[in-house]
Amino acid sequence: MSGSRRPLPRRARGAHVRPTARGTAVLAASLVLVGTGTALGLTDVVGLGAAGLLVVATAWAWMMLRRIDRGRGALRVSRRIEPDPAVRGTQVTTRLLVSPVSPNATSLGRLARLQISEQAAAELCEHDALRAQVVSHPDRIAVRYRIRPEHRGRWPLGPVLTSRVDLFGLVRAGQPLGDASTVSVRPRTTELAVRGSRAFGDLARSRNGARTSSSDDSVLREYVAGDDPRRVHWATAARRGQLMVRTDENAGMASVTVLLDRGVLPPPDTDRSSMAAQDGEWAVEAAASVAVTLLGAGHPVRLVASSAAPTLDAYPYSTGRTSDGAAQILDDTIDLGGHANPRDAERALAATADALRTSRRPGELTVAVLGPLGAISGPSVAPLAGDGNHWAFVVAPNGDGLGSAVQDTLSMLRAIGWLAVAVDPRETTVGAAWNRLMEEHR
């Protein structure tokens, strides 16, 4: 019925065939007749009972063999997810459309007797059962429902599970229809306070002296063969007596590397609703928020997650203020997970820090989201502050609070030139932690 709302199960079972209430009654009656006829020697009664069993068995076999996605009456399903990718904790609207491949009497008859339900991973509807708005038309069934994914990652949605009965109403068959979709869920990001599009770069420059060019000098450069004539800055060319062209908007801005220590994330297969997993999500969201904010301020930005065999070419700098750069950064965080054990996490962080040290651009700003450093990772991470600006959030792990391991890491980093603040994810928002870091910078 148009406008009706029906519950959809989170995870329906696979294809199956089972008798309806009417079919069950026919089976029971037929068995009684066969048993009675056999006991009394009444062959007609046995034949009548056997006929009932044969009818149900035939209907069962017919429904098992008859697929609704093949033949003259084939049906198809399309699914549209908006927005895609989704953001953790925000609402997503899904639209389903079930329609015949070739409209004819057979396919329209199937459609009229069809019931559908949607399968969804528990991570997409953790707290609520799916509620769908179903609108039936003679030639299609349209379904709309909303989900609110609570966990970052890629989660399956679908396929649609159909349910139909045979012409006599004896057997009900369920069959998947269409393909499953994948809902990609990005981390949430917080808009962080940056004092002007170029002021942040100037603040970083104040600690480096002349290590990087100033904003004004970097906007223009000498013309070389092949430059677009439309980028010539004629006023400056007339004043200097030589052709000058405008460079990219962010050419004078310091490059930024956001380093995420995956040791802050829990090991694989950890319950995503656990406190440890929530602390890890705070770290991912902090790294993503910093990267997207500084990209929006005009900096070339890359987000690098710790890896045992880091390939920094896989983390190109995103530039410009368009949505494409931010989308690439956020997409790179969707599949991030923790290491199997703390020792692997330390080795990965040390290897990544060593790789960053050799690939760093002059005057590059590093913002790190770290757990407490150990004997393996500390000697590699701390010396990164040899040049450039290096800032860090030191995240307290597993609800331990700002204990001795966090304080020792904080002291180590500050002693060698890092600007660092300790953060308890259960008490501090990303925005508040960033503001504290800004205060340290002053």
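This passage walks through a predicted model, from its parallel sheet and cores to a few individual residues.

A convenient place to begin is the open sheet, in which five parallel strands follow the order β15-β14-β16-β17-β18. Its edges are β15 and β18, each of which pairs on one side only. From one strand to the next, the twist averages 15 degrees. Within the sheet, β14 and β15 are joined in the parallel sense over five bridges, and V256 stands opposite V301 in β15.

Two helices can be followed against these strands. Helix α9 (residues 342-359) lies across β14, β15 and β16, and runs at about 150 degrees to β15. Helix α11 (residues 404-415) packs on the sheet as well, where it touches β16, β17 and β18. The direction of α11 makes about 170 degrees with that of β18.

Helix α9 deserves a closer look. With 18 residues, α9 reaches 26 Å from its first C-alpha to its last, close to the 26 Å expected at 1.5 Å a residue. At the start of α9, a side-chain oxygen of N341 comes to within 3.2 Å of the backbone nitrogen of R343. The buried residues of the helix are A345, A348, L349, A350, T352, A353, A355 and L356. An α-helix has 3.6 residues a turn, so residues three or four places apart point the same way. That spacing is a handy guide when viewing the buried positions, which include A345, A348, L349, T352 and L356. Their cover includes strands β14, β15 and β16, together with α10 (378-381).

The sheet also contributes to the nonpolar interior. In soluble globular proteins, nonpolar side chains tend to be buried together. Here the largest nonpolar core has 35 residues, and F393 and W434 have the most contacts inside it. At least two residues of this core come from each of β14 (256-260), α7 (275-296), β15 (301-305), α8 (323-333), β16 (365-370), β17 (389-395), β18 (419-423) and α12 (430-441). The element that gives the most is α7, with nine residues. Another core, of 27 residues, lies apart from this one and has I81, A86, V92 and L177 among its members.

V367 offers a view from inside the sheet, since it is placed in strand β16 and is buried, with a relative accessible area of 0%. Beyond residues up to four places away in sequence, V367 touches T257, V258, L259, V290 and W391. The C-alpha atoms of V367 and L303 are separated by 9.4 Å, although these residues are 64 apart along the chain.

Elsewhere in the model, T162 sits in strand β9 (residues 153-165). T162 counts as buried because its relative accessible area is 1%, and the cut-off for burial is under 20%. A polar atom of its side chain lies 2.7 Å from the backbone oxygen of Q175. Apart from neighbours within four places in sequence, the residues in contact with T162 are I68, L114, Q115, I116, A173, G174, Q175 and L177. Q175 therefore appears both in the polar pairing of T162 and in its contact list.

S184 belongs to strand β11 (residues 181-186) and is also buried, at 11% relative accessibility. The side chain of S184 makes a polar contact with the side chain of R154, at 3.0 Å. With neighbours within four places in sequence set aside, S184 is in contact with D84, P85, A86, G153, R154 and I334.

Some backbone details round off the picture. Most residues other than glycine have a negative phi, and most peptide bonds are trans. The peptide bond from E82 to P83 is cis, with omega near -5 degrees, and the bond from D84 to P85 is likewise cis, with omega near 5 degrees. P83 is in the loop between β3 (75-82) and β4 (86-87), and P85 is also placed in the loop between β3 and β4. Both D84 and P85 are among the residues in contact with S184. A further point of interest is D269, whose phi is near 70 degrees, a positive value in a residue other than glycine. D269 is found in the loop between β14 and α7, and is exposed, with a relative accessible area of 83%.

Conventions
Residues are numbered from 1 along each chain as its sequence is written. This is a predicted model: local features need pLDDT of at least 70, side-chain atom pairs count only at pLDDT 80 or more; totals for chains, interfaces and linings use all residues. Side-chain values use heavy atoms; hydrogens and water are left out. Helices (H or I, at least four residues) and strands (E, at least two) are DSSP runs, numbered from the N terminus. Buried means under 20% relative accessible area, exposed over 50%, partly exposed in between (1.4 Å probe, protein chains only). A polar contact is a pair of N or O atoms within 3.5 Å; within protein, one must be able to donate a hydrogen and the other to accept it, and residues adjacent in sequence count only if both atoms are side-chain atoms. Contact means heavy atoms within 4.5 Å. A nonpolar core is a set of buried Ala, Val, Leu, Ile, Met, Phe, Trp, Tyr and Cys residues joined through side-chain atoms within 4.5 Å. Two strands pair if DSSP finds at least two bridges between them. Axes are lines fitted to C-alpha atoms, for helices over the stretch in contact, and angles run from 0 to 180 degrees between N-to-C directions. The expected span of a helix is 1.5 Å times one less than its number of residues.
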